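This briefing concerns charged pairs and nonpolar cores in a protein chain. Please keep the sequence and the model in view while reading.

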Amino acid sequence: MRRYGKHTDEDDIRSRPNRRGNRPRTHIRPKHEDAAEGMVLTVDRGRLTCLVDDRAVIAMKARELGRKAAVVGDRVALVGDLSGKKDTLARIVRIEERASLLRRTADDDDPYERVVVANADQLAIVTALADPEPRPRLIDRCLVAAYDGGLDPLLVLTKSDLAPPDKLLELYGDLDIPYVVTSRAELDAGAAADRVREHLHGKVTAFVGHSGVGKTTLVNALVPPERRRVTGHVNAVTGRGRHTTTSALALPLADAAGWVVDTPGVRSFGLAHIDPSRVIHAFPDLEAGTEGCPRACSHDEPDCALDAWVAEGHADPARLYSLRRLLATRERREGD
């Protein structure tokens with residue numbers, strides 16, 4: 001039954017009074033075409049520090065973004081007070097499409113993935129050669145996360161004055177990963193930072209590593225003095241470092257030709273979110289050989305076509321071994 005006739009006028013329509021006195025809800029969202037572009041530098045309890053032009057602006061996420069969260073490295077659109085003055089607050093109204101995404105879970109049984117950084121070009125995996133001892137399984141897991149997220153890996157081996165790097169480098173030689181070996185003396189003299197900086201020019205690089213490996217100390221050598229962070233030490237009894245970095249933070253290089261993202265030290269790197277089919281993209285010499293693989297092939301089973309591909313001479317057997325070792329990290333704990 002129709003309440004109104006065919007030719008109704010807007011005056012004929014009864015509208016309910018708005019008891020709260022605010023504007024009626026609408027599904028039409030503003031486009032914010034005049035929003036300013038910014039980059040998220042750090043996140044702290046719902047407040048995001050963003051770089052807008054050359055100013056650090058404190059902002060919060062707009063309600064219209066729903067559950068979508070902005071993370072360090074995100075390119076965002078902001079409105080509101082963009083002066084960067086004390087006690088001012090801007091609003092993030094849009095998160096731009098991400099070029100890369102580094103993610104991890106607390107462990108392999110945890111379905112909740114944590115985004116570490118967005119839009120990074122490469123992942124610097126910092127590992128001490130001693131004090132604390134290197135953990136190859138953790139390195140493998142970081143490599144898998146880098147390949148899955150679209151980041152190029154870089155190995156940074158510290159404390160070479162305490163142990164030689166040869167054995168660890170041999171383990172990753174077939175992966176063709178660039179690396180830098182540093183010592184404490186070189187770090188103090190500045191030579192280590194110069195060699196690392198050569199790999200960072202013009203890029204956004206996320207630094208990850210086990211607590212106590214010297215990650216934040218290295219980052220401090222790369223950034224301007226006024227941007228340096230507090231460092232800790234390794235416990236002589238447990239062999240573990242203390243978490244002095246509690247949140248990810250993007251910092252400009254001293255020559256302003258790139259960014260480093262210092263992240264909290266990790267003691268586990270879960271891969272519950274990883275799709276093994278994406279890891280193969282980091283092995284172009286093997287990827288073409290997967291065309292004959294059965295559907296949902298794990299690349300480590302009797303019917304895998306990669307065995308025949310390698311046997312025919314299309315790729316080095318060591319490369320296939322490295323791929324399978326990385327894929328198997330989802331089935332192993334870091335300490336295994």
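**Salt bridges and nonpolar cores**

Asp131 counts as partly exposed because its relative accessibility is 35%, which falls between the limits of 20% and 50%. The model considered here is predicted. The structure holds 17 salt bridges, and some of them are described below together with the nonpolar cores.

**A partly exposed pair**

- Asp131 forms a salt bridge with Arg184, with a distance of 3.3 Å from N to O.
- Arg184 lies in helix α3 (residues 184–189) and Asp131 in the loop between β8 (122–128) and α1, so this salt bridge ties together parts that are 53 residues apart in sequence.
- Arg184 has a relative accessible area of 37% and is therefore partly exposed.

**Buried pairs that involve helix α1**

- Asp140 and Arg325 are joined by a salt bridge in which the closest N and O atoms are 3.3 Å apart.
- Asp140 belongs to helix α1 and Arg325 to helix α9 (residues 317–327), so that the pair links distant parts of the chain, 185 residues apart.
- Asp140 counts as buried because its relative accessibility is 0%, which is under 20%.
- Arg325 also counts as buried, because its relative accessibility of 7% is under 20%.
- Another salt bridge joins the side chains of Asp148 and Arg103, at 2.7 Å from N to O.
- Asp148 is in helix α1 (residues 136–149) and Arg103 is in strand β6 (residues 101–105); the two residues are 45 residues apart and link distant parts of the chain.
- Both residues of this pair, Asp148 and Arg103, are buried.
- Arg103 and Asp148 also belong to a network of salt bridges that includes Glu113 and Arg278.
- As general background, side chains of opposite charge can pair when their charged atoms come close.

**Nonpolar cores**

- In soluble globular proteins, nonpolar side chains tend to be buried together.
- The largest nonpolar core in this model has 54 residues, of which Leu102, Leu123, Leu143, Phe283, Leu286 and Leu323 touch the most other members.
- Helix α1 supplies the largest share of this core, namely eight residues.
- Leaving aside neighbours within four places in sequence, Leu102 is in contact with several residues, including Val115, Val117, Leu123, Ala146, Val208 and Phe269.
- Apart from the largest core lies another core of 19 residues, among them Ala128, Leu154, Leu222 and Val260.

Key
Residues numbered from 1 in each chain as written. Predicted model: local features only at pLDDT ≥ 70, side-chain atom pairs only at ≥ 80, totals over all residues. Heavy atoms only, no water. Salt bridge = Lys/Arg side-chain N within 4 Å of Asp/Glu carboxyl O. Helix = DSSP H or I, 4+ residues; strand = E, 2+ residues; numbered from the N terminus. Buried < 20%, exposed > 50% of the residue type's maximum accessible area, 1.4 Å probe, protein only. Core = buried A, V, L, I, M, F, W, Y, C linked by side-chain atoms within 4.5 Å. Contact = heavy atoms within 4.5 Å.
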